[in-house]
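User: Hi! I am new to reading protein structures and would like to go through one step by step. Could you show it to me and help me with the terms?

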Amino acid sequence: IQSHVPQAMRKGATKEEIMEAIWVAAEMRAGAAYAHGNIAFQAMEDFEKLGVKVAISDKETLATANCKYHLYEFMKEKGLTVPQYFLVDSSETLRKRIGELGFPKRPVCVKMTENSGSRGVRIVRADISKSELFMHDKPSSMNVTLDEMCEILDGCTPMPTIMAMEFLPGVEYTVDLLADHGKTLYIAGRRNTTSSMSIAQTSVV
């Protein structure tokens, strides 16, 4: 945002073209929304000079929405149904508590609380072996054994904020919403039929 906008202006881009590029990036979930949101706040005056109005949530809302643990805590406080989850501060904690999520009968999802694009996500399964992963899974597979997940955690220095949660297979749904100070203006639900690295490629509204 900080570097590309001035470069685009020097190349003759109009404010309408700049705004279109911003919306395309937002729709594609290009990069971390939280980081982009904070930069957008910092560059707000520059956008105003261009006559560009940026539709964005406040910093507190963005901070909650983009931390998976804080989001689940917020939803739980509001009485919404959330999957079971807990914070993981070490491989020892994961081994000790993973049974609370149905392991080994059910897979468990382990993920960093602040990341995007399927980065920092693994599915821990008890019904696979390293040889099966080698022979049958693609190199980009998220599936790991518990021992492999613990080895990954032991190698994290420093340890990022990580959570373990119930694995929720099935169809992914996305809700796009535009609101003005708490008043919903537009809302659209989408069933994502094809996704790549957590980015919806095709959807049905």
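Analyst: Happily, and here is a term to begin with: two strands pair if DSSP finds at least two bridges between them. Helices (H or I, at least four residues) and strands (E, at least two) are DSSP runs, numbered from the N terminus. Please keep in mind that this is a predicted model, where local features need pLDDT of at least 70, side-chain atom pairs count only at pLDDT 80 or more, and totals for chains, interfaces and linings use all residues. Residues are numbered from 1 along each chain as its sequence is written, and side-chain values use heavy atoms, leaving out hydrogens and water.

User: How many helices and strands are there in the protein?

Analyst: Both kinds of element are DSSP runs, as described above. By that reading, the protein has nine helices and eight strands.

User: In which order do the five strands of the open sheet stand?

Analyst: Strands of a sheet pair through backbone hydrogen bonds, either parallel or antiparallel. In this open sheet the pairing is mixed. β1 (85-88) and β4 (143-144) are at the edges with a single partner strand each, so one side of each has no neighbour in the sheet. Reading across, the order is β1-β5-β2-β3-β4.

User: How many bridges join β2 and β5?

Analyst: The two strands pair in the antiparallel sense. One bridge joins Cys 109 to its partner Met 165 in β5. The number of bridges between β2 and β5 is five.

User: Which residue in β3 stands opposite Val 108?

Analyst: β2 and β3 run antiparallel, joined by four bridges. In β3, the residue opposite Val 108 is Val 124.

User: And which residue in β5 stands opposite Leu 87?

Analyst: Here we look at β1 and strand β5 (residues 162-166), which pair in the antiparallel sense over four bridges. Opposite Leu 87 stands Met 163.

User: Is Cys 109 buried or exposed?

Analyst: Buried means under 20% relative accessible area, exposed over 50%, and partly exposed in between (1.4 Å probe, protein chains only). Four of the five residues of β2 are buried, so the strand is mostly covered. Cys 109 has 6% relative accessibility, and therefore it counts as buried.

User: How many disulfides does the count come to?

Analyst: A disulfide is a pair of cysteine sulfur atoms within 2.5 Å. Cys 150, at 2% relative accessibility, counts as buried. Under the distance rule, the number of disulfides is zero.

User: Which element gives the most residues to the largest nonpolar core?

Analyst: A nonpolar core is a set of buried Ala, Val, Leu, Ile, Met, Phe, Trp, Tyr and Cys residues joined through side-chain atoms within 4.5 Å. The largest one has 16 residues, and Leu 94, Val 110, Val 124 and Ala 164 touch the most other members. β1, β2, α9 and β5 each give two or more residues to this core. With four residues, the element that gives the most is α9.

User: Across which strands does helix α9 lie?

Analyst: Helix α9 covers residues 146-154 and runs at about 150° to β3 (121-124). Axes are lines fitted to C-alpha atoms, for helices over the stretch in contact, and angles run from 0 to 180 degrees between N-to-C directions. Contact means heavy atoms within 4.5 Å. The strands that α9 lies across are β1, β2, β3, β4 and β5.

User: Which two residues does the cis peptide bond with omega of about 15° join?

Analyst: In general, most peptide bonds are trans. Another cis bond runs from Thr 157 to Pro 158, with omega near -5°, and Pro 158 is in the loop between α9 and β5. The bond with omega of about 15° leads to Pro 104, in the loop between α7 (91-97) and β2. The residues it joins are Phe 103 and Pro 104.

User: How far apart are the C-alpha atoms of Arg 191 and Val 204?

Analyst: Arg 191 is in strand β7 (residues 183-196), and its 33% relative accessibility makes it partly exposed. Leaving aside neighbours within four places in sequence, the contacts of Arg 191 include Tyr 173 and Val 204. Arg 191 and Val 204 are 13 residues apart along the chain, while their C-alpha atoms are separated by 5.1 Å.
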